[in-house]
Amino acid sequence: MAIDIPTGETGTTRVFSLSMPAAHAKALQASKEAQFAILGVAALNPDGIEVFPVSDLDEIGLAGYLRQGTDADETQIKRDAAKLRALDGWVMLVHSLAFGGNAMRLTPDSALTLIGTYAQPAAPSQHAGISAKAAQPYTGTPAPKAAAPDMRRHKSRAIGALILLAVLILWWAVG
């Protein structure tokens, strides 16, 4: 079964159970390359992958970890609460961070079973209406054009400098 990851995905965690002996799971935990291979991809951001025994979560449990550690949507956690409580052994969590915003296709090994996909709730969109008259379209007055600098003064100085230079050259040549 292939899992398609959309471009720009953020705030999503996929939970996989690991069907393998604890020694193999521990080796998987230590090897980023093995994690990539078991997910069926060449490379990912290893900071977005966690492999651990569910027993490490003690009383908080996997549902609590998803709720508090990844800020997953409560309705999604409640939907899968029985599955999450029933898990024992080792799990692999793959967070959106692993994909770096890139679209990907995971082809997980048969030792991985996708338990669920848990996204953070969407932030409420708050459109701030702007009521100031100046913010309305086609309002306001155009800024006056800046006056061009008076170039006559600069030209007069340049001509005066040239005349002075000519007088100095003549004085030096005569003297």
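At 48% relative accessibility, Asp4 counts as partly exposed, where buried means under 20% relative accessible area, exposed over 50% and partly exposed in between (1.4 Å probe, protein chains only). The model is predicted, so local features need pLDDT of at least 70 and side-chain atom pairs count only at pLDDT 80 or more, while totals for chains, interfaces and linings use all residues. Residues are numbered from 1 along each chain as its sequence is written, and side-chain values use heavy atoms, with hydrogens and water left out.

Asp4 takes part in a salt bridge with Arg105, with 2.6 Å between the closest N and O atoms. Since Asp4 lies in strand β1 (residues 3-5) and Arg105 in strand β5 (residues 104-106), this pair ties together parts of the chain that are 101 residues apart in sequence. A salt bridge here is a side-chain nitrogen of Lys or Arg within 4 Å of a carboxyl oxygen of Asp or Glu. Side chains of opposite charge can pair when their charged atoms come close. Across the whole structure, the search finds 5 salt bridges.

Arg79, Asp80 and Lys83 are joined in a network of such bridges. Asp80 meets Arg79 at an N to O distance of 3.2 Å, and the side chains of Asp80 and Lys83 form a salt bridge at 3.8 Å, again N to O. The members of this network have their own levels of cover: Asp80 is buried, with a relative accessible area of 6%, whereas Arg79 is exposed at 52% and Lys83 is partly exposed at 42%.

Turning to the overall layout, the chain holds 6 helices and 6 strands. Helices (H or I, at least four residues) and strands (E, at least two) are DSSP runs, numbered from the N terminus. Read from that end, the elements follow the order β-β-α-α-β-α-α-α-β-β-β-α. Of the 175 residues in the chain, 31% are buried. Among contacts with a separation of 6 or more, 80% join residues 24 or more positions apart, a contact being heavy atoms within 4.5 Å. About 11,900 Å² of the chain is exposed, and carbon and sulfur atoms supply 60% of this area. Accessible areas come from the Shrake-Rupley method with a 1.4 Å probe, and for residues only the protein chains shown count as cover.

Strand β3 (residues 49-53) is mostly covered, with 4 of its 5 residues buried. This strand pairs with β4 (residues 90-95) in the antiparallel sense over 5 bridges; two strands pair if DSSP finds at least two bridges between them. One of the residues involved is Pro53, whose bridge partner in β4 is Trp90.

Trp90 also appears among the neighbours of Ser17. Ser17 belongs to strand β2 (residues 12-18) and is buried, at 12% relative accessibility. Leaving aside residues up to four places away in sequence, Ser17 touches Leu87, Trp90, Val91, Ala111, Leu112, Thr113 and Ile115.

On the surface, Ile159, Ile163 and Val167 form a nonpolar patch with about 290 Å² of accessible area together. Patches are made of residues with over 30% relative accessible area and no salt bridge, like charges being joined within 9 Å and nonpolar side chains (Val, Leu, Ile, Met, Phe, Trp, Tyr) within 5 Å. Within this patch, Ile163 sits in helix α6 (residues 151-174) and is exposed, with a relative accessible area of 52%.
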